[in-house]
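The following paragraphs lead the reader through one structure, from individual residues to the packing of its helices. Please keep the sequence and the model in view while reading.

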Amino acid sequence: MDPSAPPPPPPIAQPAPRCQACGYELTGMSVEGVCPECGSRIWNPNQTPTSGAAIASLVLGCVAILSCVGFGPVSLLFGIPAVICGEIAARQVKRGERGNASAGLALAGRIMGWVGIVVGLVGVVVLIIMLLNP
Ligand SMILES: [Zn+2]
């Protein structure tokens, strides 16, 4: 054995990439291709679909903000699910299932949802005071 020979590089421990949809092992396949087993897109951070929960959160948040004008209970009705959907989307992003675009949408949805909840609560309080003092 030649002592001057450099030691072989240690093998790099790497988990086998697997299809997100069916779990098929995708070792050596292009991340831009599709799974040969189920035909779904092979995971790529830039191509992960936008989270449906993030979009729902944004839409509900928008409605919560728009309905702030005079309708406290309506803002609450939309603000609460907006925050919940935003939380679901944020968890999807944290687990790496969705990209950063979803994180931005989820944050915007949650902020608008919270604004809707706060304004909605104020609206409900005002409504109660008005009802108690005709
Ligand atoms: Zn698959």
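A residue is called buried if 20 or more other C-beta atoms lie within 10 Å of its own, and exposed if 12 or fewer do, with partly exposed in between. Cys-19 has 20 C-beta neighbours inside 10 Å and therefore counts as buried. Cys-19 belongs to the segment before helix 1. Its C-alpha atom is separated by 8.9 Å from that of Val-34, which is 15 residues away along the chain. The model discussed here is a predicted one.

The protein chain contains three helices and zero strands, and its pattern along the sequence is α-α-α. Of its 134 residues, 30% are buried. Among contacts with a separation of 6 or more, 59% join residues 24 or more positions apart.

The helices may be taken in order. Helix 1 covers residues 52-66. Its 15 residues reach 21 Å from the first C-alpha to the last, close to the 21 Å expected at 1.5 Å a residue. Helix 2 has 23 residues and extends 33 Å between its end C-alpha atoms, again close to the expected 33 Å. Gly-96, which follows helix 2, has a positive phi, near 80°. The 33 residues of helix 3 should span 48 Å at 1.5 Å a residue, and the end C-alpha atoms are indeed 48 Å apart.

How are helix 1 and helix 2 arranged relative to each other? Their axes come within 7 Å and cross at roughly 155°. Angles over 145 degrees count as roughly antiparallel, and helix 1 and helix 2 are therefore roughly antiparallel to each other. The crossing in which helix 1 passes helix 2 is left-handed. On the helix 1 side, the residues that meet helix 2 include Ala-53, Ala-56, Leu-60 and Val-63; on the helix 2 side, the partners include Phe-78, Pro-81, Cys-85 and Ile-88.

Helix 1 and helix 3 pack at an angle of about 30°, with their axes 7 Å apart. That angle makes helix 1 roughly parallel to helix 3. Here too helix 1 passes its partner, helix 3, in a left-handed crossing. Residues of helix 1 that take part include Ile-55, Leu-58, Cys-62 and Ile-65, and those of helix 3 include Leu-105, Ala-108, Met-112 and Val-115.

The remaining pair is helix 2 and helix 3, whose axes come within 7 Å and cross at roughly 155°. Helix 2 and helix 3 are therefore roughly antiparallel to each other, and their crossing is left-handed.

Burial can now be read against this packing. In helix 1, the buried residues include Ala-53, Ala-54, Leu-58, Leu-60 and Gly-61, and the buried residues of this helix pack against helix 2 (72-94) and helix 3 (100-132). In helix 2, Gly-72, Phe-78, Val-83, Gln-92 and Val-93 are among the buried residues, and what covers the buried residues of helix 2 includes helix 1 and helix 3. Helix 3 buries Leu-105, Arg-110, Met-112 and Val-119, among others, and its buried set also includes Gly-109, Gly-113, Gly-116, Gly-120 and Gly-123. The cover over the buried residues of helix 3 includes helix 1 and helix 2.

Ile-55 offers a contrasting case within helix 1. With 16 C-beta neighbours inside 10 Å, Ile-55 counts as partly exposed. Not counting residues up to four places away in sequence, Ile-55 touches Thr-50 and Leu-105. The C-alpha atoms of Ile-55 and Gly-86 are separated by 8.6 Å, although the two residues are 31 residues apart along the chain.

Which residues have the most contacts inside the largest nonpolar core? This core has 17 residues, and those with the most contacts inside it are Ala-54, Leu-60, Ala-64, Ala-82, Cys-85, Ala-89 and Ala-106. The elements that give two or more residues to the core are helix 1, helix 2 and helix 3. In soluble globular proteins, nonpolar side chains tend to be buried together. Ala-106 shows how the elements meet at the level of a single residue: not counting residues up to four places away in sequence, Ala-106 touches Ser-51, Ala-54, Ser-57, Gly-86, Ala-89, Ala-90 and Val-93.

Definitions and conventions: Residues are numbered from 1 along each chain as its sequence is written. This is a predicted model: local features need pLDDT of at least 70, side-chain atom pairs count only at pLDDT 80 or more; totals for chains, interfaces and linings use all residues. Helices (H or I, at least four residues) and strands (E, at least two) are DSSP runs, numbered from the N terminus. The expected span of a helix is 1.5 Å times one less than its number of residues. Two residues are in contact if their C-beta atoms, placed from the backbone, lie within 7 Å. A nonpolar core is a set of buried Ala, Val, Leu, Ile, Met, Phe, Trp, Tyr and Cys residues joined through C-beta atoms within 7 Å. Axes are lines fitted to C-alpha atoms, for helices over the stretch in contact, and angles run from 0 to 180 degrees between N-to-C directions. Angles under 35 degrees count as roughly parallel, over 145 as roughly antiparallel, 65 to 115 as roughly perpendicular and the rest as oblique. A crossing is left-handed if the near helix is turned anticlockwise from the far one by less than a right angle, and right-handed if clockwise.
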